[in-house]
Amino acid sequence: MKKRACVLGLAVISNIGLASVSWAKDPAQIVVAHRGASGYLPEHTLPAKALAYGMKPDYIEQDVVMTKDDQLVVLHDHYLDRVTNVAEVFPDRAREDNRYYAIDFTLAEIKQLKVTEGFTLDDSGKPKAVFQDRFPIWQSNFSVPTFAEEIEMIQGLNKTLGYDVGLYPEIKAPAFHRHEGKDISKAVLTMLKKYGYTSKDDKVYLQSFDPIELKRIDKELMPEMKMDLKLVQLMAYTDWNETMVYKGDTSTPYSYDWMFKDDGMQQVAQYADGIGPWKPMVIDDKSTSSNIMVMPLVAQAKKAGLKIHPYTFRADEGRIPSYAKDFNDMLDIFYNKAKVDGVFTDFPDKAVTFLNRK
Ligand code: G3P
Ligand code: CA
């Protein structure tokens, strides 16, 4: 299978004023702003995070990678070439596979780059936006934020606006980073601790696709660092090559097969608090509007006591599954039929409105 081509403690009654909304530590069903308000502004830029913040999600997501000089930056890929002008600024710095790796650049170099909407190159080498109806490519001026800059902005807004928006960082390709000599998990935990996130009561979920690394975080790193954060196991199919296992300089795809077996969720619950499945792992893509089929994974995860936060909910043309009439209908199916605990969405305003928080 191919990857896509990514109590109420609130007084939740519509039309109540913001001042009367009390921000629960974690409402029963949450909204995670996926890469910020990335449906409206270039992903993972501080403006996209500030816009997301104003939409009042419960959490804002950060994908985190490391630079040559050991700084943590917020980027979805451990490459720079999908969302920046790195090929123009540093034309000689690609590796043999023609990709520009963030880990080969210092923070000062990365700060020289312009960030734009995700793009691919057409046959003539011209950049073409992946989402044609989103923010125009190369327009305005955006840069790559550090993880610290983003945490400080969210915490600053929590102070000035009085909301309690949490962090939802993902450690990207930890095995790749360790193979390159960098312990990204330790660096992310150190940064979270520095900014006051140490226990399961703190408003943070730490996510990764890599089960080996999540177990290491749970069993070794967090106890050593006197931390105990909520962990989320992101789910992939083996043939996506999302997680690689290194032996010397050779890497092979990590096999996720065990996770889809009957006791898979019980095993995940030994080290994680929740799962982040791809949408079709929750609702069978063969569903129709009159026959919505919730996958067995949902009952298995609930039985194991795991939160379920599927990804990624997009309102763009062509991104609504055929079994749903529109974006709201898709949310209704996931929140109310599958009864998931939250969703990752590029359009946090729509999910917040759906949950009737405004
Ligand atoms: O982390 C949840 C979701 O973001 C996983 O997909 O590829 O967008 O990081 P991706
Ligand atoms: Ca992510």
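Let's start in the loop between strand S6 and helix H5, residues 174-179, where we find alanine 173. This is a predicted model, by the way, so please hear everything I say with that in mind. Alanine 173 has a positive phi of about 45 degrees, although it is not a glycine. As a bit of background, most residues other than glycine have a negative phi. And is alanine 173 buried or exposed? Neither, quite: its relative accessibility is 23%, so it counts as partly exposed.

Please keep strand S6 on your screens, because it spans residues 166-171 and contains glutamate 170, and that residue takes us to the metal. Which residues of the protein are donors to the calcium ion, ligand 2? They are Glu61 and Glu170, each through OE, and Asp63 through OD, and they lie 2.1 to 2.4 Å from the ion. Written along the sequence, the spacing of these donor residues is E-x1-D-x106-E. Aspartate 63 sits in strand S2, residues 59-66, and glutamate 170 in S6, so this pair ties together parts of the chain that are 107 residues apart in sequence.

Now, why is the arrangement around the calcium ion called irregular? Because the six donor atoms subtend angles of 60 to 154 degrees. For six donors to count as octahedral, opposite ones would have to be over 155 degrees apart. Two of the donor residues are also tucked away from the surface: aspartate 63 has a relative accessibility of 1%, so it counts as buried, and glutamate 170 is buried too, with a relative accessible area of 4%.

Next, a helix that packs against both of those strands. Helix H4 runs from residue 147 to 161, which is 15 residues, and reaches 21 Å from its first C-alpha to its last, close to the 21 Å expected at 1.5 Å a residue. Its buried residues are Phe147, Ala148, Glu150, Ile151, Ile154 and Asn158. These cover an arc of only 165 degrees around the axis, which puts them on the same side of H4. Turn to the face away from that buried side and you meet the exposed residues Lys159 and Thr160. What covers the buried residues? The cover includes helix H1 (46-54), S2, strand S3 (72-74), S6 and helix H6 (184-194). Just after H4 comes glycine 162, with a positive phi of about 80 degrees.

Helix H1 deserves a visit of its own. Its buried residues are Ala48, Lys49, Ala52 and Tyr53. Seen down the axis, they fall within an arc of 140 degrees, so they line one face of H1. That buried set packs against strand S1 (30-33), S2, S3, H4 and helix H11 (348-354). Just after H1, lysine 56 takes a positive phi of about 60 degrees.

Let's step inside. In soluble globular proteins, nonpolar side chains tend to be buried together. Here, the largest nonpolar core has 87 residues, and those with the most contacts inside it are Leu192 and Met265. Leaving out residues up to four places away in sequence, leucine 192 touches Phe147, Leu167, Pro169, Tyr197, Val204, Leu206, Met227 and Leu229. There is also a second, separate core of 19 residues, which includes Val86, Phe90, Ala102 and Val115.

On to valine 89, which belongs to helix H2, residues 86-89. Valine 89 has a relative accessible area of 32%, so it is partly exposed. Setting aside neighbours within four places in sequence, it is in contact with Gln112 and Leu113. From valine 89 to tyrosine 205 there are 116 residues in sequence and 35 Å in space, C-alpha to C-alpha.

Glutamine 71 is in the loop between S2 and S3. It counts as partly exposed at 34% relative accessibility, and it touches Val65, Met66 and Leu107, again not counting residues up to four places away. Its C-alpha is separated by 10 Å from that of alanine 108, which is 37 residues apart from it along the chain.

Two backbone details to finish. Lysine 339, in the loop between helix H10 and strand S13 (342-345), has a phi near 55 degrees, positive in a residue other than glycine. And where is there a cis peptide bond? From tyrosine 311 to threonine 312, with omega near -15 degrees. Threonine 312 lies in the loop between strand S12 (307-308) and helix H10 (327-337).

Methods:
Residues numbered from 1 in each chain as written. Chains lettered and ligands numbered in written order. Predicted model: local features only at pLDDT ≥ 70, side-chain atom pairs only at ≥ 80, totals over all residues. Heavy atoms only, no water. Donors = N, O, S within 2.8 Å, 3.2 Å for Na, K, Ca; no water. Tetrahedral: all angles 85-135°; square planar, octahedral: opposite > 155°, others 65-115°. Helix = DSSP H or I, 4+ residues; strand = E, 2+ residues; numbered from the N terminus. Buried < 20%, exposed > 50% of the residue type's maximum accessible area, 1.4 Å probe, protein only. Expected span 1.5 Å × (residues − 1). Arc of directions from axis to C-beta. Contact = heavy atoms within 4.5 Å. Core = buried A, V, L, I, M, F, W, Y, C linked by side-chain atoms within 4.5 Å.
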